[in-house]
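Student: I would like a close look at a single part of this model, and then an account of how the rest of the chain is arranged around that part. Please take me through it in one connected answer.

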Amino acid sequence: YWRARFALRRLAYAPGLTEDERKQKKEEIKLKTKYKNFYNPRTKSFLTGLLLRVLTHLKKNNIKVQLTDFRRKVPNLIPAEGVRFNFQNAVENRQEQLDVLEQALVQHRGILSCATNAGKTEIACAIVKSYQEALGKWPKVLFLVNRISLVHQTAKRFKKHLGIKVSRIGGGSKYFGKDVTVASVQTLSNMVSDKNKYETKKFLEGLDIVFIDELHVNSATGVHRVLKFSKA
């Protein structure tokens, strides 16, 4: 990776190349090193989101690999009668929401790709409720948001739909909840970096479900700092 970075800098001063040749060289170098900056040579590891790309690359180069998955096994969370919003209050069960809910329960992880105002928070609540109904206990949940106003807004909706106590981190509050915790990414990532961070790490390691709201506008550094301690 660093050799490629150095080569790209050198290309800017290559007097023997035309502009088109320089552009072509840059693209070739970038393509060869596209994912190498995600690999940590010290720990010999990479983020699990890149696993499919790594396996594809190994297969393409006829490299045999044995894959051992140490992640928690998620049980079947879909009830026999089908998915539904079984909330404390009356909520309309729209088919597009139920389709997303079912896919989330089947896939266990991924992106909830829904239109604006499609009810993503309600779907998240339904995922938590499905877990509780399947296993007979509430999961330990972390819902990450990027603004303090969303911490309060999301916590109210979880409490309204599920009828359980919801803890908040952000805006002066730093209390880890027993079941559901809604947190500001900035506050929680700062807590991970604090001197007294043992309690925070212990909380993150015990999570069953993690939601990240509006990830495309969230702090990537802050989210990574938090999630690297989670085993959910």
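Tutor: Valine 223 lies in helix H9, and in this predicted model valine 223 counts as buried, because its relative accessibility is 7%. Leaving aside neighbours within four places in sequence, valine 223 is in contact with Val185, Ile212, Leu215 and Asn218. A separation along the chain can be set beside these contacts: aspartate 208 is 15 residues from valine 223 in sequence, and the C-alpha atoms of the two are separated by 17 Å.

One of the contacts of valine 223, Asn218, is also in contact with aspartate 213, a residue of the loop that runs between strand E5 (209–212) and helix H9 (220–227). Beyond its neighbours within four places in sequence, aspartate 213 is in contact with Phe143, Leu144, Val145 and Leu150 as well as with Asn218. Aspartate 213 is buried and yet has no salt bridge; the nearest side chain of opposite charge is that of lysine 120, which is 6.2 Å away, whereas a salt bridge requires a side-chain nitrogen within 4 Å of a carboxyl oxygen.

Another buried position is threonine 200, which lies in helix H8 (residues 198–205). Threonine 200 counts as buried because its relative accessible area is 2%, and, with neighbours within four places in sequence left aside, its contacts are Phe176, Leu188, Met191 and Val192.

Whereas aspartate 213 has no salt bridge, a search of the whole structure does find 3 salt bridges. In one of them, arginine 157 is paired with glutamate 122, and the closest N and O atoms are 2.7 Å apart. This pair links distant parts of the chain, since arginine 157 is in helix H6 (residues 148–162) and glutamate 122 is in helix H5, with the two positions 35 residues apart in sequence. Glutamate 122 is buried, with a relative accessible area of 11%, while arginine 157 is partly exposed at 26%.

A further salt bridge joins the side chains of glutamate 133 and arginine 84, with an N to O distance of 3.5 Å. Here too the pair links distant parts of the chain, 49 residues apart: glutamate 133 belongs to helix H5 (residues 120–135), and arginine 84 to the loop between helix H3 (51–60) and helix H4 (95–107). Glutamate 133 counts as partly exposed at 31% relative accessibility, and arginine 84 counts as partly exposed at 28%.

The side chains of glutamate 96 and arginine 94 also meet in a salt bridge, at 2.9 Å from N to O. Glutamate 96 has a relative accessibility of 47% and therefore counts as partly exposed, and arginine 94, at 26%, likewise counts as partly exposed.

The loop between H4 and H5 deserves a separate remark on backbone geometry. Histidine 108 is found in that loop, and its phi is near 75°, a positive value in a residue other than glycine. Asparagine 117 is found in the loop between H4 and H5 as well, and its phi, near 65°, is again a positive value in a residue other than glycine. As for accessibility, histidine 108 counts as partly exposed at 38%, while asparagine 117 is exposed, with a relative accessible area of 72%.

These parts can now be placed in the whole chain. The protein has 9 helices and 5 strands, and, read along the sequence, they follow the pattern α-α-α-α-α-β-α-β-β-β-α-α-β-α. The radius of gyration is 22 Å, well over the 17 Å that the globule rule gives for 232 residues, so the protein is more spread out than a compact globule. Along its principal axes the C-alpha trace spans about 70 × 40 × 35 Å. Of the 232 residues, 33% count as buried, and among contacts between residues at least 6 apart in sequence, 55% join residues at least 24 apart.

The accessible surface comes to about 16,000 Å², and carbon and sulfur atoms account for 51% of that area. As for charge, the protein has 44 positive and 20 negative side chains, and the centres of the two sets lie 9 Å apart.

Key: Residues are numbered from 1 along each chain as its sequence is written. This is a predicted model: local features need pLDDT of at least 70, side-chain atom pairs count only at pLDDT 80 or more; totals for chains, interfaces and linings use all residues. Side-chain values use heavy atoms; hydrogens and water are left out. Helices (H or I, at least four residues) and strands (E, at least two) are DSSP runs, numbered from the N terminus. The radius of gyration is taken over C-alpha atoms; the globule rule is 2.2 Å times the number of residues to the power 0.38. Buried means under 20% relative accessible area, exposed over 50%, partly exposed in between (1.4 Å probe, protein chains only). Contact means heavy atoms within 4.5 Å. Accessible areas come from the Shrake-Rupley method with a 1.4 Å probe; for residues, only the protein chains shown count as cover. Lys and Arg count as positive and Asp and Glu as negative; His and the chain ends are not counted. The place of a charge is taken as NZ of Lys, CZ of Arg, CG of Asp or CD of Glu.
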